Amino acid sequence: MTAPADNKPLLDVRGLTIEIETRRGPAIIVDGINLTVGKGETVGVVGESGCGKSLTMLSLVRLLPNKIKVKGGTAEFAGRDLLKMSKSELRQVRGGKIGFVFQDPMTSLNPVMRIGDQLCEPLIYHRNMSKADARKRAIELLRLVGIPGPEQRITAYPHELSGGMRQRVMIAMGLACDPELLIADEPTTALDVTIQAQIVDLVKDLRKKLNMSVVWITHDLALIAGLVDRVAVLYAGTVVEDAPVGELFARPTHPYTRGLLASIPKLSDEQASRLSSIGGTPPEPGRRPKGCPFAPRCALAESVCHESVPVLESVAGTSGHRVACFVAQRQMKEAA
Amino acid sequence: MTMTPVNLSSTVADDEPPVSLWRDAWHRLLRNKLAVAGLAVVILLAFVAVFGPWLTPYDFLTQDLAARNQAPSLAHLFGTDDLGRDVFSRVVYGTRTAFVVAIVVTTIAVVIGVTLGAMAGYFGGLFDRIVMWFTDMTMSVPNLLLVVVINASLKTPLTAWMEARYQATLNPFYRETIWVDFLLVFGSMALISWPPYARLVRAQVLSIRGRPYVTAARALGLTNRLILIRYIVPNAIGPLIVSVSAGLGTAMVLESAFSFLGVGVNPPTPSWGNMISDGLRVWQHYPHLLAAPAAVLGLATVAFSFLGDGLNDALNPRGSK
């Protein structure tokens, strides 16, 4: 459940701010995110669409689209700031030290290349392997991610594989060079529920075998409950709550987290009750409220919430549970 | 939808050999009758271009002044011209000229166009603007005028330079003024032919650049060069093949037009263009001198055009049934 004794985290993101250029000038989409991932730790990053989850991760390896720029903050990976690396150093990190798995396996593989060749590419490039060695390793990787008959499948084109199989190939590509960190960006969103569970189990199994850290981006809290060590809840480009997974489910503290948890349907509900949901929509970039970004949708909001922005503070009596909410923090102080 | 029962074990296609996109396209092409006809004519013409000199009954240069301006007969299938040369043999040899010009010019144009277009589309920014500026500039100048100007202004100095080099070095290479012809004809035709390829490829690359598999390739740390060559260009190649097929036909017409204007391949090397040009002067008396090369040129152009259309349909499975 907890990170290994080594205190220095593998990935340490501080105050990361990302802006998008719009016709009405720059607008902030990610507002000073702090996020750490320890060695061997699995962190879930949760939030609804458009809250900046994917952009945060893409910005780490500097793959943001043209009009979106990092405006501030640092992102240290193994002691080096990713945001200040040279292009050639960065290329060594991409694929070599940080592996990516993308959301849509249907479009994330090159349709005109055999999957074996696509798998071999990073091996030949990063590891200077010969073609024959890369091929052997590619077969091993396909076996590792549970693709049956890898010797035959290696010559298949992406369109000959099912969605789940393609996502396994994507994972194999992400793992090809034994990365220290695997970033999975909603890898199960495009898949059937049964396949989703298989992919989650696969990654769970692999991270133990390969002793790597994993960041799993999702909007589905229930899916990752059994997979991750820690969860960071994102809202409108800021981390609003950050806690060990058991702690988060047992004592969700931020009103937004509570709303998310309440909106997971439960089979145990006796009568068919309406699905609970959080009213309203997240603020648009460029129209962020002055105070807490969640205040306009929050049932508990007080005047202070509309005035100033809360910062992450530890929840009393816990280790590693932090929340950014004035109301929750005050309630805790009163209870203490 | 067929109603054959689905064999569940075979849905994963375990033993079937992989069906590539190209093989699919090939099968679709073979179902298109016009395209197959076009392909057949193109193959026939290519065969004639390669083996022509061994197929003809006469040499294309041999003059038989006793048999001038003859109408088509069994001895001379397309008749003879005003120097008594066999028109059939000349048309056959002209096929070789047409193919050499079309292939060389299109190859140069495609290499320039694809390289510039792909880089412009991928990198964008200033490089893109400069390339597009050159493209627009080239396209805005009337083609024929540009070629005539290049030929008229460069031919004399180049020939004179070659002669001077020969006098100085006595290297027989400089004696062959044919190189000047090739350089000028191929060079100027390639110069006006590359912009459409550059535009086509740039547009393709712009749409492919943002696809997830390109981002995925970048996330794997691959270099821009590798991504362009292995991920972007192969995915942009479909429309390019179509365009090249039509372009080969266009290059043949272009060569004929230049020969007609006297800036193309020089006599006595037979080209359909200079044969048409010669025939046009006497067509009222000897129509076969115009009809034979014109008909073959028309046939070749139509064949390439049909083949291009067929390839277009074959490579766009969603475009048509």
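**Exercise 1. Which residues does A:T218 touch, not counting residues up to four places away in sequence?**

*Solution.* The model under study is a predicted one, and the exercise begins by placing the residue. A:T218 is found in strand β8 of chain A, which spans residues 213-218. The next step is to list its neighbours: with residues up to four places away in sequence left out, A:T218 touches A:V45, A:V46, A:G47, A:K53, A:E186 and A:I224. The last step is to assign its exposure, and because its relative accessible area of 3% falls under the 20% cut-off, A:T218 counts as buried.

**Exercise 2. Classify the aromatic pair formed by A:Y256 and A:F294, and place it in the chain.**

*Solution.* Two quantities are needed, since a pair of aromatic rings is described by the distance of the centres and the angle of the planes. Over all chains the count comes to 8 aromatic pairs. For A:Y256 and A:F294, the centres are 5.2 Å apart and the planes stand at 65°; because an angle over 60 degrees counts as edge-to-face, the pair is given that class. As to position, A:Y256 lies in helix α10 of chain A (residues 255-262), whereas A:F294 lies in the loop between α10 and α11 (303-307) of chain A, so that the pair links distant parts of the chain, 38 residues apart. Both partners are buried, A:Y256 with a relative accessible area of 0% and A:F294 with one of 4%. Finally, A:Y235 joins A:Y256 and A:F294 in one aromatic cluster.

**Exercise 3. Describe the largest nonpolar core, and follow one of its residues outward.**

*Solution.* The largest nonpolar core has 126 residues, and those with the most contacts inside it are A:M57, A:I98, A:F100, A:I171, A:L181, A:I183 and A:W216. Its largest share, 7 residues, comes from helix α6 of chain A, residues 163-175. To follow one residue, take A:F100: leaving out residues up to four places away in sequence, A:F100 touches A:M57, A:L58, A:V61, A:M170, A:G174, A:L182 and A:I183, and also B:A219 of chain B. A second, separate core has 30 residues, including B:L29, B:L45, B:V91 and B:V296.

**Exercise 4. Work out how helix α9 of chain B is covered, and how it packs against α10(B).**

*Solution.* Begin with burial: 7 of the 10 residues of α9(B) are buried, and the helix is mostly covered. The buried residues are B:W272, B:G273, B:N274, B:M275, B:I276, B:S277 and B:G279, and what covers them includes α3 (87-123), α8 (224-261) and α10 of chain B. Turning to geometry, α9(B) (residues 272-281) and α10(B) (residues 287-315) pack at an angle of about 145°, with their axes 8 Å apart, in a left-handed crossing. On the α9(B) side the contact is made by B:W272, B:M275, B:I276, B:G279 and B:L280, and among the contributors from α10(B) are B:L289, B:P293 and B:V296. By class, the residues of this contact divide into 11 nonpolar, 1 polar and no charged.

**Exercise 5. Describe the packing of α3(B) against α10(B).**

*Solution.* The angle between α3(B) and α10(B) is about 35°, and their axes lie 10 Å apart; the crossing is right-handed. In this contact B:V87, B:V91 and B:F99 of α3(B) meet B:L289, B:A292, B:P293, B:V296 and B:F304 of α10(B). Sorting these residues by class gives 8 nonpolar, no polar and no charged.

Technical notes
Residues are numbered from 1 along each chain as its sequence is written. Chains are lettered from A and ligands numbered from 1 in the order in which they are written. This is a predicted model: local features need pLDDT of at least 70, side-chain atom pairs count only at pLDDT 80 or more; totals for chains, interfaces and linings use all residues. Side-chain values use heavy atoms; hydrogens and water are left out. Rings of Phe, Tyr and Trp (its six-membered ring) pair if their centres lie within 6.5 Å; planes under 30 degrees apart count as stacked, over 60 as edge-to-face and the rest as tilted. Helices (H or I, at least four residues) and strands (E, at least two) are DSSP runs, numbered from the N terminus. Buried means under 20% relative accessible area, exposed over 50%, partly exposed in between (1.4 Å probe, protein chains only). Axes are lines fitted to C-alpha atoms, for helices over the stretch in contact, and angles run from 0 to 180 degrees between N-to-C directions. A crossing is left-handed if the near helix is turned anticlockwise from the far one by less than a right angle, and right-handed if clockwise. Contact means heavy atoms within 4.5 Å. Ala, Val, Leu, Ile, Met, Phe, Trp, Tyr, Cys and Pro count as nonpolar, Asp, Glu, Lys and Arg as charged, and the others, Gly among them, as polar. A nonpolar core is a set of buried Ala, Val, Leu, Ile, Met, Phe, Trp, Tyr and Cys residues joined through side-chain atoms within 4.5 Å.
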